[in-house]
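Reader: I'd love a close look at one part of this model, the aromatic rings and the helix that carries several of them. Could you walk me through how they are arranged?

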Amino acid sequence: MLSRLVLSGSCVSKSAFNAAPIRQHSLIIRQFGRDAREQAREGFSSRMGARTRPSLKERLMAPAGPNAFSMGKGALVGGSALGLGALCFYGLGLGKGTSALNNSMLWPQYVKERIHNTYMYFGGSLAITALTALAAFRSPAVLNIVSRNGFLAIVLMMGAVVGSGSIAQSIPYSEGIGPKQFAWMAHCAILGAVIAPLCFLGGPILTRAALYSAGVVGGLSTVAVCAPSDKFLYMGGPLAIGLGVVFASTLASMWLPPTTALGAGLASMSLYGGLLLFSGFLLYDTQRIIRRAETHPMYAMQKFDPVNCAMSIYMDTLNIFIRIATLLAGGGSRRK
């Protein structure tokens, strides 16, 4: 019995000794399998992460963040600070060169009359547009036409504005009331009807927008007059490029909602970029009008045209007013 026990004990000890490497190998195999499963799981997760990474289209159409308009606001603040600085700098006579303000003391009478007539037509353009916009807003039929957002309606309105403006500018100027003056008044009336939906913003907002626009236009005109007479005449090329960018952004923002990242970027470009762009155009056009009034021959075959000159600064002012009114109404921070 004892020998059996000893034999059995020795057999047990030998079997346990012989089973130890097997258990070690099995542990190694299990550990290797566990590591392999973890690596496979990590690889699958990385592949799934690569698959779920948003595409360019998904990022552009994602909801706009809270700072979607921050860049535009920053650019507007920077442009305003630059304008105020230029007003102080040139207003104190620190710029090099002769300004239009200094030259005005030597202007002959016909140059003064040209500039006076230009700004008379400019004021008349604003008055006709305001009265027409109010009349169109009170007419349900006209308001229904200009308030449509369809592609055909937009093309027709743009064609009416561009066509009437081209016709008014192509007619030779003659003093008094003639074909050019009637075409000019028709063009201003069409623009008044087109912007009539702005009256939905309410009188207080439009009044503030008009006051702010008058301040912007007055300040920029003062900068253009006090600056050297050719300071802003070299901006034509860059302004034309910027006009194409803003125009394309405005068209695209009509169909893309500002709640998406792409739509918010386009709306910011149209509003803030357009405001800066037409401020630059106002500087350029003001000095161009003064230069043309000074250099146009008095007895030329084609007379100096104050209507065409007025239409340029009139369009700049109208675009500035529209964007200021939109910003005051919350267009630069609206979320739907």
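Author: Tyr121 and Tyr173 are both buried in this predicted model. Their ring centres lie 6.5 Å apart with the planes at 85°, so this pair is edge-to-face; the cut-off for that label is an angle over 60 degrees. The contact joins distant parts of the chain, since Tyr121 sits in helix H5 while Tyr173 belongs to the loop between helix H7 (151–170) and helix H8 (179–194), 52 residues away. Trp184 joins these two tyrosines in one aromatic cluster.

Now to another pair, this time within H5. Tyr119 and Phe122 are both in that helix (residues 109–137), 3 residues apart, or about one turn. In an α-helix there are 3.6 residues a turn, so residues three or four places apart point the same way. The centres of the Tyr119 and Phe122 rings are 6.1 Å apart and their planes meet at 80°, so this pair is edge-to-face too. As for their surroundings, Phe122 is buried, with a relative accessible area of 12%, whereas Tyr119 counts as partly exposed at 33%. Across the whole structure, the search finds 5 aromatic pairs.

The helix itself is worth a look as well. H5 has 29 residues and spans 42 Å from its first C-alpha to its last, close to the 42 Å expected at 1.5 Å a residue. Its buried residues include Tyr121 and Phe122, along with Val111, Arg114, Ile115 and Thr118. Further along H5, Gly124, Ser125, Thr129, Ala133 and Ala136 are buried too.

Technical notes: Residues are numbered from 1 along each chain as its sequence is written. This is a predicted model: local features need pLDDT of at least 70, side-chain atom pairs count only at pLDDT 80 or more; totals for chains, interfaces and linings use all residues. Side-chain values use heavy atoms; hydrogens and water are left out. Rings of Phe, Tyr and Trp (its six-membered ring) pair if their centres lie within 6.5 Å; planes under 30 degrees apart count as stacked, over 60 as edge-to-face and the rest as tilted. Helices (H or I, at least four residues) and strands (E, at least two) are DSSP runs, numbered from the N terminus. Buried means under 20% relative accessible area, exposed over 50%, partly exposed in between (1.4 Å probe, protein chains only). The expected span of a helix is 1.5 Å times one less than its number of residues.
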